[in-house]
Amino acid sequence: MLDFTATYTDQYQLSMAQVYFENGQKEHSAVFDYYFRKLPFDGGYAIFSGLEDLLEILEELKFNEEDLAYLKDQNYSEEFLDYLKTFKFSGTIMAAREGDILFPNRPVLQVEANIIEAQLIETILLNLLNFQTLIATKASRIRLVAKNSILLEFGLRRAHGPGGYYASRAAIVGGFDGTSNVVAGKNFDIPVSGTMAHSFIQSYDDEITAFRAFSQSRPKDCVLLVDTYDTLKSGIPNAIKIGKEMESKGQKLMGIRLDSGDLAYLAQESRKMLDKAGLDYVKIAASNQLDEYVIKSLLEQNAPIDIFGVGTNLVTGEPDGALDGVYKLSVSNGIPRLKISESLSKVTIPHKKQVYRLMNAKGELIGADAITMRDEEEVSRIYDPQEILKSLPVKNCKTEALLHLVMKNGKKTQETRSLKEIAAYSRDRLEGLPMEYKRFDNPHIYKVGISKALKKERETLLKKYKK
Ligand SMILES: Nc1ncnc2c1ncn2[C@@H]1O[C@H](COP(=O)(O)OP(=O)(O)OP(=O)(O)O)[C@@H](O)[C@H]1O
Ligand SMILES: O=P(O)(O)OC[C@H]1O[C@H](OP(=O)(O)OP(=O)(O)O)[C@H](O)[C@@H]1O
Ligand SMILES: O=C(O)c1cccnc1
């Protein structure tokens with residue numbers, strides 16, 4: 001875990017908190033919803049990631065002495081600073097399971113806490129969940145096209161600063177097999193692997209000497225980078241020589257890596273040469289600005305690539321800079337609240353809520369989630385929250401509640417799930433989603449509807465606030 005303290009927030013959270021404090025509102029309760037409005041990558045789903053990190057950080061979140069000294073210089077009142085000395089998040093959180101498939105405009109998580117605590121954690125919550133969810137979603141798109149190929153995340157050097165740390169974790173949630181990022185590997189128990197850089201080859205007088213030195217030092221995980229000078233005339237012939245030398249010592253060359261040129265052509269030619277030399281077990285790895293579209297194209301060209309190393313386009317969430325997740329107040333001190341907007345899509349949904357996934361009698365997804373009041377027993381029809389004339393009967397559907405209690409009084413209520421478990425869960429959930437929601441071009445739009453009771457509540461509040 002990186003070292004976070006409660007100043008990992010925006011200044012306005014502290015200003016508002018001081019006002020609440022001074023006005024005797026520090027025990028006022030609040031409910032906030034976390035959700036996003038637009039799916040990234042013009043895709044049909046998103047993958048929830050970052051929850052375990054958030055919960056672990058919230059359990060420990062406090063202002064340390066340095067924070068308090070700094071805030072003292074920022075003109076916060078003595079009384080408020082005294083309060084911050086013992087600040088601790090003691091709220092309750094209901095959330096989707098990490099790794100689950102998500103859709104826009106439905107709560108992914110709900111925070112119930114006193115207004116100051118709920119407000120002070122907004123920024124860190126959005127910061128962690130928006131980023132990891134974006135990257136896990138990108139990773140899962142890459143996994144979808146890569147099928148059973150090995151996927152390695154290579155992005156730390158091109159990531160947005162230390163964000164690369166969490167990008168490596170999110171890549172695993174989305175279906176990657178490993179990372180080159182050593183600290184993420186150590187802290188999140190992710191398999192770490194890697195090959196070699198061009199500089200390594202360049203630093204020797206010739207390619208074969210570089211290959212030989214590496215193979216002698218790292219015989220168990222030797223993947224030779226073959227494109228520094230000429231892939232087919234030098235790199236592959238030299239790799240074959242090293243492969244044979246290793247065989248004579250009872251060792252096996254693990255692989256070669258292609259990092260430039262026409263990857264499909266070079267992989268095909270390399271495969272032929274390796275096979276002809278009896279090195280059919282040597283794997284072919286490829287890298288160089290890969291993304292889901294390039295990998296799809298390479299596999300359609302029957303490129304015999306076993307391992308894809310993906311960096312920049314994955315860890316920066318290219319071409320989407322961010323997930324637009326927001327944190328909106330839905331109940332204040334017991335009173336349901338609404339945020340009005342010209343556009344109905346931005347009008348919030350009041351009340352404590354639950355979200356249900358809807359399935360047919362066989363347990364297959366029908367392509368809709370229902371948002372209800374938290375304690376509603378049964379839903380017979382759901383209504384489009386934006387186009388109020390659209391509705392869907394769901395009376396006979398099976399339901400699965402999606403928001404679970406994950407934190408109570410500031411303490412996690414469940415054992416930390418390993419990254420492996422989260423990734424396996426995510427894979428299962430995605431498998432259950434029909435292909436039409438997963439295709440890249442014009443995916444089917446998954447429906448999200450509100451119950452009749454919630455619709456009525458929202459309309460009543462809309463009328464009240466419009467007055
Ligand atoms: N057969 C292929 N089909 C589709 N895309 C490919 C294929 N081969 C390579 N690519 C992709 O095309 C892009 C090629 O970019 P670019 O021309 O900069 O590559 P390069 O070979 O590294 O160039 P340079 O030799 O200047 O380093 C990369 O994103 C690469 O992954
Ligand atoms: O293209 P990406 O998806 O971001 O994958 C990571 C890239 O980073 C490395 O290149 P770099 O030029 O930084 O170092 P190198 O000299 O070791 O190739 C590697 O060879 C990949 O090309
Ligand atoms: O191990 C590798 O081949 C590697 C690691 C980081 C970036 N590019 C390549």
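A crossing of two helices is called right-handed if the near helix is turned clockwise from the far one by less than a right angle. Keep that in mind for the exercises below, which all use this predicted model.

**Exercise 1. Work out how helix α3 is oriented relative to helix α4, and say which residues bring them together.**

Step 1: find the helices. α3 covers residues 65–72 and α4 covers residues 78–85.

Step 2: look at the axes. They come within 11 Å and cross at roughly 165°.

Step 3: apply the cut-off. Angles over 145 degrees count as roughly antiparallel, so α3 is roughly antiparallel to α4.

Step 4: add the handedness. α3 passes α4 in a right-handed crossing.

Step 5: list the contact. On the α3 side you will find L68, L71 and K72, and they meet L81, L84 and K85 of α4. Sorted by class, this contact has four nonpolar, no polar and two charged residues.

**Exercise 2. Do the same for helices α2 and α6.**

Step 1: α2 spans residues 51–60, while α6 spans residues 122–146.

Step 2: their axes are 9 Å apart, and the packing angle is about 155°.

Step 3: this angle is again to be compared with the cut-off of 145 degrees, and α2 and α6 are therefore roughly antiparallel to each other.

Step 4: the crossing of α2 past α6 is right-handed.

Step 5: α2 contributes D53, L54 and I57, and α6 contributes I124, L125, L128 and L129. The classes here are six nonpolar, no polar and one charged.

**Exercise 3. Describe the surroundings of ligand 1: which residues and which helices are involved?**

Step 1: collect the residues. Around ligand 1 are S260, G261, D262, L263, A264, N288, Q289, L290, V294, S297, L298 and Q301.

Step 2: match them to helices. α12 (263–276) and α13 (292–300) each give at least two residues to this shell. The largest share comes from α13, with three residues.

Step 3: sort by class. The shell divides into five nonpolar, six polar and one charged.

**Exercise 4. Now sort the shell around ligand 3 by class.**

Step 1: the residues to sort are F154, S180, G194, T195, R257, S287, G309 and G311.

Step 2: remember that Gly counts as polar in this scheme.

Step 3: the result is one nonpolar, six polar and one charged residues.

**Exercise 5. Find two unusual spots in the backbone and place each one in its loop.**

Step 1: recall the background. Most residues other than glycine have a negative phi, and most peptide bonds are trans.

Step 2: check D42. Its phi is near 55°, a positive value in a residue that is not glycine. D42 sits in the loop between β1 (29–35) and β2 (46–47).

Step 3: check the bond from E318 to P319. This peptide bond is cis, with omega near 0°. P319 belongs to the loop between α14 (312–315) and β12 (326–332).

**Exercise 6. Set the two annotated domains side by side: what are their helix and strand contents?**

Step 1: take the ranges. An unreviewed UniProt entry lists "Nicotinate phosphoribosyltransferase N-terminal" at residues 9–130, and "Nicotinate phosphoribosyltransferase C-terminal" at residues 352–456.

Step 2: read the contents. Residues 9–130 are 43% helix and 17% strand, whereas residues 352–456 are 17% helix and 35% strand.

Step 3: look at the ends. The end C-alpha atoms lie 15 Å apart in residues 9–130, and 15 Å is also the value for residues 352–456.

Conventions: Residues numbered from 1 in each chain as written. Chains lettered and ligands numbered in written order. Predicted model: local features only at pLDDT ≥ 70, side-chain atom pairs only at ≥ 80, totals over all residues. Near = placed C-beta within 6 Å. Axes fitted to C-alpha atoms, helices over the stretch in contact; angles between N-to-C directions. Helix = DSSP H or I, 4+ residues; strand = E, 2+ residues; numbered from the N terminus. Parallel < 35°, antiparallel > 145°, perpendicular 65-115°, else oblique. Contact = placed C-beta atoms within 7 Å. UniProt positions renumbered as here; feature names shortened; annotations may be inferred.
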